[in-house]
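Q: Please take a close look at one part of this model: the packing in its interior. Start from a single side chain and work outward to the charged groups.

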Amino acid sequence: APPAADGTDFWDEQRRNRRRRRVFLGAWLLLAVGVGWFLGRSLERVTDPDAWAWRLAGIETVRPWYADRAVQMAGAFLLLAWSQIRRLRSRGDAVLLSMVDGRPCDDARLQSVMEQVSVAAVHSTPRVWIAETDHANAFTWGLDPFKSTIVVTRGLLSRLTRQELAAVLSHEMAHIRSGDAQLRTLLLGLMSGLRVVARFALGPLHVFLAAWKGRSPWAWLAGA
C-alpha cells in the first residue's frame, strides 16, 4: 500500500502495532503468573505454616512440583488471563454494548458514506453502530481489522454534513488500517481483565494480611 497523503506508511504502522500487541499480551500473562505465584505463597503461609517455616529455613518439602500452591495459583491466574483474552476476541461486540448505549446503524446516509470511504480505502466495510447520546464523538473497536466496528454518536451524526462525516469516518478507517484500533481495543480489554484478577486476588490478600498480623485468617469475612 502506498504511503498516505501525510507520509504515513500503514505497513510500518501495522508492524509496529503488532509488536506492541505481543508485548502487552506477554506482560499481561506474566503479571497474572506473578500475582498467582505471590498469592500461592501467601496462602501457604496461612494454610500450611509448617511448610512455610521449613521453606524459610531452607528445607524444601518433598512433593511434586504441581502440588506447590504457588504453581497452582500461578496456573489458575494464567488460565484466567487467557480466558479474558479469548472472551475479548469472541465476544468483543457484547463488551462494547455493555459500555455504550449502541445499536447497529439504522441511518442510510451514514451507511452510504461508510461504504464510500471503504471503497476509497480499498478495505472491507466495517460494521457501523450508533450510540444514543447527544455528545459528538466517534471511535473504533475490534481486534480484527476486517471485523472492526465504528461507533458514531447520534449527536455527531446530527451535526455533520455528508462531507464532514466522510472525513470523520476516513479518520477512523485510518486507525483500522494502521492497527491503532486493535491496539487500543486490546489495552481496554486487558484493563477490564485487571478488575477480574483484582477481584480474585482481594480475598486471599485479606487472608494473608490477617494471618501476618496474628489475627484469625477469616476475620475479614465478619468485618472484624
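A: Start with M114. Leaving aside neighbours within four places in sequence, M114 is in contact with T125, P126, V128, I150, L169 and M173. The model is predicted, and these contacts are computed from it.

M114 belongs to the largest nonpolar core, a set of 18 residues. Its residues with the most contacts inside the core are L110, M114, V152, L165 and L169. L169 thus appears twice: it is on that list, and it touches M114 directly. Five elements give two or more residues each: α5 (108–121), β2 (127–131), β4 (149–153), α6 (154–159) and α7. Helix α5 supplies the largest share, five residues. A second core is separate from this one. That core has eleven residues, including A32, M73, A81 and I85. In soluble globular proteins, nonpolar side chains tend to be buried together.

Now a charged residue in the interior. E172 sits in helix α7, which spans residues 162–178. E172 is buried, yet it makes no salt bridge. The nearest side chain of opposite charge is R184, at 4.6 Å. A salt bridge needs a side-chain nitrogen within 4 Å of a carboxyl oxygen, so a pair at 4.6 Å does not count. What does E172 touch, beyond residues up to four places away in sequence? The list is A138, F139, T140 and I150. I150 is also a contact of M114.

Where, then, are the charges paired? The structure holds four salt bridges. Take R103 and E132 as one of them, with the closest N and O atoms 3.8 Å apart. R103 lies in strand β1 (residues 102–104) and E132 in the loop between β2 and β3 (138–141), so the pair ties together parts that are 29 residues apart in sequence. R103 is partly exposed, with a relative accessible area of 38%. E132 is partly exposed too, at 31%.

E132 has another partner. The side chains of R154 and E132 meet in a salt bridge at 2.7 Å, N to O. This pair also links distant parts of the chain: R154 is in helix α6, E132 is in the loop between β2 and β3, and 22 residues separate them. R154 counts as partly exposed at 27% relative accessibility. The set extends to D106: R103, D106, E132 and R154 are linked in a network of salt bridges.

Contrast a local pair. R15 forms a salt bridge with D12, the closest N and O atoms being 2.2 Å apart. Both residues lie in helix α1 (residues 10–47). They are three residues apart, about one turn of the helix. R15 counts as partly exposed at 37% relative accessibility. D12 counts as partly exposed at 29%.

Finish with a backbone detail beyond helix α5. V122 is placed in the loop between α5 and β2. Its phi is near 55°, a positive value in a residue other than glycine. Most residues other than glycine have a negative phi. Is V122 buried or exposed? V122 is exposed, with a relative accessible area of 74%. The cut-off for exposed is over 50%, so V122 qualifies.

Terms used:
Residues are numbered from 1 along each chain as its sequence is written. This is a predicted model: local features need pLDDT of at least 70, side-chain atom pairs count only at pLDDT 80 or more; totals for chains, interfaces and linings use all residues. Side-chain values use heavy atoms; hydrogens and water are left out. Helices (H or I, at least four residues) and strands (E, at least two) are DSSP runs, numbered from the N terminus. Buried means under 20% relative accessible area, exposed over 50%, partly exposed in between (1.4 Å probe, protein chains only). Lys and Arg count as positive and Asp and Glu as negative; His and the chain ends are not counted. Contact means heavy atoms within 4.5 Å. A nonpolar core is a set of buried Ala, Val, Leu, Ile, Met, Phe, Trp, Tyr and Cys residues joined through side-chain atoms within 4.5 Å.
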